[in-house]
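The following exercises guide a reader through one protein model. Each task is followed by a solution that goes step by step.

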Amino acid sequence: MMSNNQSVDDIPSTSAAAVMCRDATMIQQWNIVQMNKYLGSHELCVSFAEVYGLLPKSRLCAVHKTQMALRKRHPVGYFKCSRGNCKTKSLISRAAGTWFEGVKLSIPHVFYLMYCFAHRFTREGIYREDYVSVGKKLSSGTISDWYSYCREAVVIFQLDHQEVKGKIGGPGKVVQIDESKFEKRKYNKGNNNNLYIMQLCLFKYFSFFSGRRVEGHWVLGMIEDGSEDLRLEVCPDNVRSAEVLIPLIRKHVHEGTTIRTDFWRAYECLPEYGYIHEKVNHSDPGNPLIAEDGTRSQRIESHWRVVKRFFYKDNYNNPANFADLIVEFLWRREIRKKKTDPFISLLGVIKYVYNTK
Ligand SMILES: [Zn+2]
């Protein structure tokens, strides 16, 4: 079976792992026992990642346009072209450009933390159910890093899969509008995906508060008071002038709506388009939820409170990530509605964002 190119490390997946893997892909609802059984070892995880499209099975040499040889060395293998000058070139990690690129954690732990994120395990829960660790505990830094990576992928996926039906608002109704920004974390797939390379900060005051420099693309968020129908739009060319914002607002918000915004001047022409305009100071850290006329923002009261309660009980209390949490909330609400398994849904998200083709 072994070709001349293969060394002793280059052990192909055993048929036992392949059979396990086939069974694993049939699972409709994952639980912790199945995680341990099907994703409890490095070899099983690598086979599973291959079958699920999270790791490439092959790669073409950029020079020769021929299949490179796969060497299954730790951690997930390398590609090597043995033609011409390529012989002298270094190996290309199979993890390059994938969810597993630069991974310091064991692959079973990566899958385990994905499962934990999907099911919203608390830190205590993560330690209690950890079937991978033998003695050595996962650090809290590692846990929060991988939760962030998962959340980031969810945000990217969710912004691409919004289901928008009709317009929001109308006479007598209030719509809150704010712009937001993304900041790069794990995801790094090149220039055409720039709009994702940032972190959503729906409330600018949060970024003021944390003193972080926020850069990247602007996203416009619109939500009707008392509704959970959040609309998000990426501002073309990273511009948030009236010329860009007003058409996006008209696309989503009925005329006659009372629109609450911050003091950004681009909104000042809203009355010309049949809207009633009220200003709210989002960037005052002392009093961010109070409107100019002293009334409390009802959106904050009715909707964000629910979202906050949803997350705060799990110590998701880093305000810099709050807007990401809202998008995560929308994703979780959708998978609950569709009754899909959270872990399988997350696998789909990772596959979408880290496409290995
Ligand atoms: Zn080559």
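**Exercise 1. A loop residue**

In which loop does lysine 65 lie? Determine also whether lysine 65 counts as buried or exposed.

Solution. The model is a predicted one. Step one is to place the residue: lysine 65 belongs to the loop between H3 and S1. Step two concerns the backbone: the phi of lysine 65 is near 55°, a positive value in a residue other than glycine. Step three is the neighbour count. A residue is exposed if 12 or fewer other C-beta atoms lie within 10 Å of its own. Lysine 65 has 7 C-beta neighbours inside 10 Å, so it counts as exposed.

**Exercise 2. A second lysine**

Where is the place of lysine 339, and what is its phi near?

Solution. Lysine 339 is located in the loop between helix H10 (322–337) and H11. Its phi is near 55°, which is a positive value in a residue other than glycine. Within 10 Å of lysine 339 there are 7 other C-beta atoms, and the residue is therefore exposed.

**Exercise 3. The whole chain**

State how many helices and strands there are in the protein chain, and what share of its residues is buried.

Solution. The protein chain has 11 helices and eight strands. Of its 357 residues, 33% are buried. Among contacts with a separation of 6 or more, 59% are between residues 24 or more positions apart.

**Exercise 4. The surroundings of helix H3**

Which residues of H3 are buried, and what does their cover include?

Solution. First, list the residues: Leu44, Cys45, Val46, Ser47, Phe48, Ala49 and Glu50 are the buried residues of H3. Next, relate them to the length of the element. Helix H3 (residues 42–51) has 10 residues, of which seven are buried, so the helix is largely enclosed by the rest of the structure. Then identify the cover: it includes helix H1 (15–26), helix H2 (32–39) and H4. Finally, look just after H3, where glycine 53 takes a positive phi of about 80°.

Alanine 49, found in helix H3, serves as an example. A residue is buried if 20 or more other C-beta atoms lie within 10 Å of its own. Alanine 49 has 27 C-beta neighbours inside 10 Å and therefore counts as buried. Leaving aside neighbours within four places in sequence, alanine 49 is in contact with Leu54 and Leu55. Alanine 49 and leucine 347 are 298 residues apart in sequence, with 9.5 Å between their C-alpha atoms.

**Exercise 5. Helix H4 and its two partners**

At what angle do H4 and H6 pack, and which residues meet between H4 and H11?

Solution. Two packed helices are described by the angle between their axes and the distance between the axes. For helix H4 (residues 107–118) and helix H6 (residues 140–160), the angle is about 70° and the axes are 10 Å apart. Angles of 65 to 115 degrees count as roughly perpendicular. H4 and H6 are therefore roughly perpendicular to each other. H4 passes H6 in a right-handed crossing. From H4, Leu113, Met114 and Phe117 take part, meeting Ile143, Trp146, Tyr147 and Cys150 of H6. By class, this contact has seven nonpolar, no polar and no charged residues.

For H4 and helix H11 (residues 342–353), the axes come within 8 Å and cross at roughly 115°. This crossing is right-handed. On the H4 side are Met114, Tyr115, Phe117 and Ala118, which meet Pro342, Phe343, Ser345 and Leu346 in H11. By class, the contact comprises seven nonpolar, one polar and no charged residues.

**Exercise 6. A sheet of three strands**

What is the order of the strands in the open sheet, and which strands stand at the edges?

Solution. The order is S1-S2-S3, with antiparallel pairing. Strand S1 (69–71) and strand S3 (92–93) stand at the edges; each has a single partner strand, so one side of each is left without a neighbour in the sheet. Strand S2 (residues 78–80) pairs with S3 in the antiparallel sense over two bridges. The bridge partner of phenylalanine 79 is isoleucine 92 in S3.

How values were computed: Residues numbered from 1 in each chain as written. Predicted model: local features only at pLDDT ≥ 70, side-chain atom pairs only at ≥ 80, totals over all residues. Axes fitted to C-alpha atoms, helices over the stretch in contact; angles between N-to-C directions. Helix = DSSP H or I, 4+ residues; strand = E, 2+ residues; numbered from the N terminus. Parallel < 35°, antiparallel > 145°, perpendicular 65-115°, else oblique. Left-handed = near helix turned anticlockwise from the far one by under 90°. Contact = placed C-beta atoms within 7 Å. Nonpolar A, V, L, I, M, F, W, Y, C, P; charged D, E, K, R; others polar. Pairing = 2+ DSSP bridges.
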